[in-house]
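Visitor: I am new to this structure and should like to learn how its features are read. May we go through them one at a time?

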Amino acid sequence: MEVLNQDDVHGKFEVNFTGETVIKAVGPLPEPHIIPLSNLDLLSGRFPVTYFYFYSRSLLYDFISIIEDLKSSLAKTLNLYYPFAGRIVENSNTNEPEIICHNTGALLVEAHANIPLKDLDFYNLNLSLQGKLVSINPEFPCQVQVTNYTCSGISITFTFDHALGDASAFARFLISWSEIALKSPISSVPDHRRNLLARCFPRYDPVLDRIFVKCTMEEILNMPTMKTLVKRLYHVDVSSISHLQKLACLNGRRRTKIEAFSAYLWKVMVKAIDEKHENCNMGWLVDGRARMSGGRDSLSNYIGNVLSVAIGEASVVELKQDSISDVANIVHQAISKVANKAHFLDLIDWIECHRPGLMLSRTVLGLGGPTLVLSSGRRFPVAELDFGFGAPVLGTVCSTIERLGVGYINQRQSANGDGSWIMSAILWPELAAALESDSILQPMTAAHLQL
C-alpha cells in the first residue's frame with residue numbers, strides 16, 4: 001500500500017464550491033431602520049472574525065438534510081439577531097460605518113472537500129482557511145460556509161464583520177442558533193440598543209491619548225507589520241497549564257491561568273524579537289460587560305462591542321531574568337488598570353472627543369514596537385455548539401486578515417472537556433519557531449482530536 005506524505009496530502013487539498021444561498025430572517029421584524037455604531041464599536045477595526053468548527057458526524061445524517069436544517073434554523077435566528085441580516089455602509093456625512101437593518105440577508109455557502117477530515121492540516125491555517133474553508137464576500141457582514149468531507153465529517157465557518165459585535169455578542173448568536181436548531185428554549189434575548197453613551201460632559205484620563213489613536217480604514221488595511229505572518233493552531237495539555245499556574249503562584253499571590261500563560265509567552269517572546277529592541281509589549285483584550293454593569297448581568301445580552309485592550313511593557317533584560325511569578329505580577333497589574341468601570345467610561349468619552357471616524361490601539365496598529373496580544377475565550381461555546389448532528393471535535397477562531405501590527409493568540413477550551421486549551425495564533429515566523437521549540441504549544445493534529 002502506498003503511504004502518502006502529509007505534505008503531499010495537504011498540497012492536494014481542494015474545495016469545490018457548490019452553492020450559495022442568501023438567508024433572510026423569517027417572522028415579524030422591526031421596520032427597516034439604521035443602527036449607528038456605538039463609540040466602542042468604532043474601536044473594533046472592522047476586522048473580519050472567523051469561528052470555525054469541525055464535526056465528525058455519523059452517516060445517519062446526510063449533507064443535504066444538514067444544509068436544509070441549517071438554513072431553516074439560521075432564518076429563525078436572524079429574526080432575533082436582525083442586524084446580522086443587514087448591511088454595513090459608510091455614512092457620507094460622518095464617514096462612520098452604520099448598520100442598515102432591512103433584512104437583505106446573511107450568506108450561506110456550500111462546499112465539498114476532496115479529503116477526509118483526518119487528513120486536513122489543522123496546524124497550518126494558512127493552507128486551510130482563506131479561499132478554501134473561508135470564503136469572504138464583503139457585501140455580507142454575516143456569512144457561513146458549510147464544507148462536507150469525504151469521510152462524512154463537516155466543518156462550519158462563521159465569519160462576521162467586527163462592527164456587528166465582539167466575541168461575547170457572537171457567542172450569543174451562535175448559542176441561540178444552536179438552541180433553535182435543537183428546538184430548545186432560547187436562553188437569552190439579544191439587546192440591540194447599543195446604548196453605551198458618553199457622559200454629558202466627556203472627560204478622560206490623558207494616558208488614553210498615548211494608548212489609542214484615530215485612524216482611517218485605509219490605515220487599518222495597510223498597517224505596518226513586522227513580517228509575513230503565519231497562522232497556526234496549537235494544543236496545550238491541561239498539565240502544562242496547571243504547571244505554569246503553580247509557577248506563577250510561587251510568591252503567594254493567586255494568579256489566573258491566563259496570567260500565568262501570558263507570563264510564559266512573554267518570556268518566550270523576548271527570544272524572537274530584533275536585538276535592537278530594549279522593551280517589548282504584551283496586550284490583552286478585556287471585555288467590559290461585567291465591569292460596566294457592576295458585576296450584574298444587565299449587559300450580558302448586549303450585542304455590540306464592549307472591548308478595550310490592556311498593554312503591558314517590560315524591558316527585555318527584565319523579562320529574561322525574572323521568574324514566571326515575577327512576570328505574572330506585571331501581567332496582573334497591566335490588566336487590572338483596564339478591567340474596571342472607570343477605564344471604560346473614560347474610553348467611551350475619549351472616543352466621543354475624537355469622533356467622527358474609526359479608532360484603534362496604537363500598538364495594534366503597529367505603532368508600539370514588538371507586541372503579542374492574547375485574547376481569552378474561556379466562556380465561548382465550543383462543545384455546546386450542536387446543531388442537531390452532534391457536538392464538534394474542535395471549535396476555535398482565526399481571521400483572514402493579512403496585515404496586523406501585532407502577534408495575536410486566541411485561547412479556547414478544548415471540545416473534549418478535559419481542561420486542555422486550543423490556541424489559535426497569528427505570529428511572525430521567529431515567534432512561531434520559538435514557541436514550537438518548547439513542548440507546551442503542540443502543533444495541532446488529527447490525533448489531538450481523536451479522528
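Guide: Certainly. Please keep in mind that this is a predicted model. Let us begin with charged side chains.

Visitor: How many salt bridges does the structure hold?

Guide: Side chains of opposite charge can pair when their charged atoms come close. In this structure there are 12 salt bridges. One of them joins the side chains of Glu68 and Lys71, with 3.6 Å from N to O.

Visitor: Where do Glu68 and Lys71 lie with respect to each other?

Guide: Both belong to helix 2 (residues 63-80), and because they are three residues apart there, about one helical turn separates them.

Visitor: Are these two residues buried or exposed?

Guide: The cut-offs are needed here: a residue is buried under 20% relative accessible area, exposed over 50%, and partly exposed in between. Glu68, at 44% relative accessibility, is therefore partly exposed. Lys71, at 15%, is buried.

Visitor: Which salt bridge does Glu139 form?

Guide: Glu139 pairs with Arg87, and their closest N and O atoms are 4.0 Å apart. This pair links distant parts of the chain, with the two positions 52 residues apart in sequence numbering: Glu139 is in the loop between helix 3 (125-128) and strand 7 (142-148), whereas Arg87 is in strand 4 (residues 87-90). Arg87 is buried, with a relative accessible area of 11%.

Visitor: What does the salt bridge between Arg289 and Asp166 tie together?

Guide: The side chains of Arg289 and Asp166 meet at 2.8 Å, N to O. Arg289 lies in helix 9 (residues 289-292) and Asp166 in the loop between strand 8 (154-161) and helix 4 (167-181), so the bridge ties together parts that are 123 residues apart in sequence. Arg289 is buried at 7% relative accessibility, and Asp166 is buried at 0%.

Visitor: Which residues are joined into one network by salt bridges that share partners?

Guide: Glu68, Lys71 and Glu110 form one such network.

Visitor: What else does Arg289 touch, leaving aside its neighbours within four places in sequence?

Guide: Its contacts include Ser168, Ala169, Leu299, Tyr302, Gly304 and Val306, in addition to Asp166. The side chains of Arg289 and Asp166 are also joined by a polar contact of 2.8 Å.

Visitor: Let us turn to the sheet. What is the order of the strands in the open sheet of six strands?

Guide: Strands of a sheet pair through backbone hydrogen bonds, either parallel or antiparallel. In this open sheet of six strands the order is 1-6-7-8-3-15, and the pairing is mixed. Strand 1 (15-23) and strand 15 (394-398) stand at the edges; each has a single partner strand, so one side of each is left without a neighbour in the sheet. On average, neighbouring strands of this sheet are turned by 15° against each other, direction ignored.

Visitor: How many bridges join strand 3 to strand 8?

Guide: Strand 3 (residues 48-55) is joined to strand 8 by eight bridges, and the two run antiparallel. Within this pairing, Val49 has Phe160 of strand 8 as its bridge partner, and Phe54 has Ser155 of strand 8.

Visitor: In which sense do strand 3 and strand 15 pair?

Guide: They pair in the antiparallel sense, over five bridges. Tyr51 stands opposite Val397 in strand 15. Strand 3 is also mostly covered, seven of its eight residues being buried.

Visitor: Which helices lie across strands of this sheet?

Guide: Helix 2 lies across strand 1, strand 6 (106-113), strand 7 and strand 8, and runs at about 165° to strand 6. Helix 4 lies across strand 3, strand 7 and strand 8, and runs at about 135° to strand 8.

Visitor: As a last case, where is Met359 found, and what does it touch?

Guide: Met359 is found in strand 13 (residues 358-361). At 0% relative accessibility, Met359 is buried. Not counting residues up to four places away in sequence, Met359 touches Leu42, Leu43, Val213, Lys214, Cys215, Trp350, Ile351 and His354.

Visitor: How far apart in space are Met359 and His332?

Guide: From C-alpha to C-alpha they are 26 Å apart in space, and they are 27 residues apart in sequence.

Methods. Residues are numbered from 1 along each chain as its sequence is written. This is a predicted model: local features need pLDDT of at least 70, side-chain atom pairs count only at pLDDT 80 or more; totals for chains, interfaces and linings use all residues. Side-chain values use heavy atoms; hydrogens and water are left out. Helices (H or I, at least four residues) and strands (E, at least two) are DSSP runs, numbered from the N terminus. Buried means under 20% relative accessible area, exposed over 50%, partly exposed in between (1.4 Å probe, protein chains only). Two strands pair if DSSP finds at least two bridges between them. Axes are lines fitted to C-alpha atoms, for helices over the stretch in contact, and angles run from 0 to 180 degrees between N-to-C directions. Contact means heavy atoms within 4.5 Å. A polar contact is a pair of N or O atoms within 3.5 Å; within protein, one must be able to donate a hydrogen and the other to accept it, and residues adjacent in sequence count only if both atoms are side-chain atoms.
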